[in-house]
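Me: I have a model open and a pile of labels to go with it. Can you walk me through what stands behind them?

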Amino acid sequence: LVEREVLKSFAVSATYVRTAGRRLYRTEFYQSGIPNFSQLRLVRNLDWSDYHALQVQYRRRLSGGLQALAHYTLSKATDTSSSDTLMYLPASLSSPAQNLGPSDFDRRHSFSLAATLQIPSPAAAWARVLLGDSSVDAVYRAMSAAPVDVTSPGGPTINLLSLRPDVVPGVPLVIEDAAAPGGRRFNRAAFIPRTDTHGSLERNALRGFPFTQLDLSVRRHVAIGK
């Protein structure tokens, strides 16, 4: 953590964060050869995860009628599974390393801002009745797109699992489509379903849409007295 007060009214800090998870739970799915049992689930400590992040924060104390807190994170989260409740192929058919990719919650860029601006009191008496002791609050949040894992149902022997398809070389994975929400969509022609094991498409290889949200409010302090 490095922090520096630039002026009396605001300060900037930067933090590097790294976490690592090892020997995480992984549930493997097996077709059972035992009478009265259609399937077996084996929990093993085979998964792992890594997270790296640079976090930058800006803090401005109330000065000149404005206070603000801004936070930006540049991060990378990777793992072989983002949930210990999912089922996977046995390691003999698909090693955990084949699932190594962006975490389900990976957001490469994340920015948030919370600010309060005090509205200057108007000179006119009638205007002070409406706007006196008022302020505007704003909360803004923006994040880059989350990963999307493209899968299809497995074959008859592994119909409870979803498998990633093979990628058709030279065919774009995402295409423009004015009729689709956001103006683009995944290209079905770029994938060939697999029914036995995972194909060449990497886990969480595609991305959805970024997210932004702005909340605004206007408030006024009203003194209640005799």
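Reply: Sure, here is a run through the labels, with the cut-offs behind them. This is a predicted model, in which local features need pLDDT of at least 70, side-chain atom pairs count only at pLDDT 80 or more, and totals for chains, interfaces and linings use all residues. Residues are numbered from 1 along each chain as its sequence is written, and side-chain values use heavy atoms, with hydrogens and water left out.

Me: What makes Asp-79 buried or exposed?

Reply: Buried means under 20% relative accessible area, exposed means over 50%, and partly exposed is in between (1.4 Å probe, protein chains only). Asp-79 has 2% relative accessibility, so it counts as buried. Asp-79 sits in strand 4, residues 66–79; strands here are DSSP runs of E with at least two residues, helices are runs of H or I with at least four, and both are numbered from the N terminus.

Me: Which residues is Asp-79 in contact with, leaving aside its neighbours within four places in sequence?

Reply: Contact means heavy atoms within 4.5 Å. With those neighbours left aside, the partners of Asp-79 include Trp-48, Ser-49, Phe-105 and Arg-203. Asn-187 is 108 residues from Asp-79 along the chain, and their C-alpha atoms are separated by 26 Å.

Me: Why is Ile-175 called partly exposed?

Reply: Its relative accessibility is 21%, so Ile-175 falls in the partly exposed class. Ile-175 belongs to strand 13, residues 174–176. Beyond neighbours within four places in sequence, Ile-175 is in contact with Arg-184, Arg-185 and Asn-187. For Ile-175 and Arg-185, ten residues apart in sequence, the C-alpha to C-alpha distance is 5.7 Å.

Me: And why do Leu-130 and Leu-214 count as exposed?

Reply: Leu-130 is at 57% relative accessibility, so it counts as exposed. Leu-214 has a relative accessible area of 51%, so it is exposed too. Leu-130 is in helix 1, residues 125–131, while Leu-214 is in strand 17, residues 211–220.

Me: How far apart in space are Leu-214 and Val-139?

Reply: They are 5.8 Å apart, C-alpha to C-alpha, with their positions 75 residues apart in sequence. Leu-214 is in contact with Val-139 and Tyr-140, once its neighbours within four places are left aside. Leu-130 and Phe-10 are 120 residues apart in sequence and 31 Å apart in space, again C-alpha to C-alpha.

Me: What makes the phi values of Arg-23 and Asn-204 worth listing?

Reply: Arg-23 has a phi near 55°, a positive value in a residue other than glycine. Asn-204 also has its phi near 55°, positive in a residue other than glycine. Arg-23 lies in strand 2, residues 10–31, and Asn-204 is in the loop between strand 15 (191–192) and strand 16 (206–207). At 60% relative accessibility Arg-23 counts as exposed, whereas Asn-204 is buried at 3%.

Me: Which residues make up the largest nonpolar core?

Reply: A nonpolar core is a set of buried Ala, Val, Leu, Ile, Met, Phe, Trp, Tyr and Cys residues joined through side-chain atoms within 4.5 Å. The largest one has five members: Val-150, Ala-190, Phe-191, Leu-201 and Leu-206. Leaving aside neighbours within four places, Leu-201 is in contact with residues including Val-150 and Phe-191, and also with Arg-164.

Me: How do you know how much space lies in the largest pocket?

Reply: A pocket is found on a 1 Å grid over the protein atoms alone, as an open set of points where a 1.4 Å probe fits, with protein on both sides within 12 Å along at least five of seven lines; lining residues have an atom within 4 Å of a point. Grid points are joined across faces, edges and corners, and the volume is the space filled by probe spheres set on them. That gives about 270 Å³ for the largest pocket. Its lining has 16 residues, with Leu-86, Met-87, Tyr-88, Asp-149 and Ser-162 nearest the centre. Strand 5 (87–88) and strand 11 (162–163) each supply at least two lining residues.

Me: What is the radius of gyration of the protein chain?

Reply: It is 26 Å, whereas a compact globule of 226 residues would have one near 17 Å. The radius is taken over C-alpha atoms, and the globule rule is 2.2 Å times the number of residues to the power 0.38. The C-alpha trace spans about 85 × 45 × 40 Å along its principal axes.
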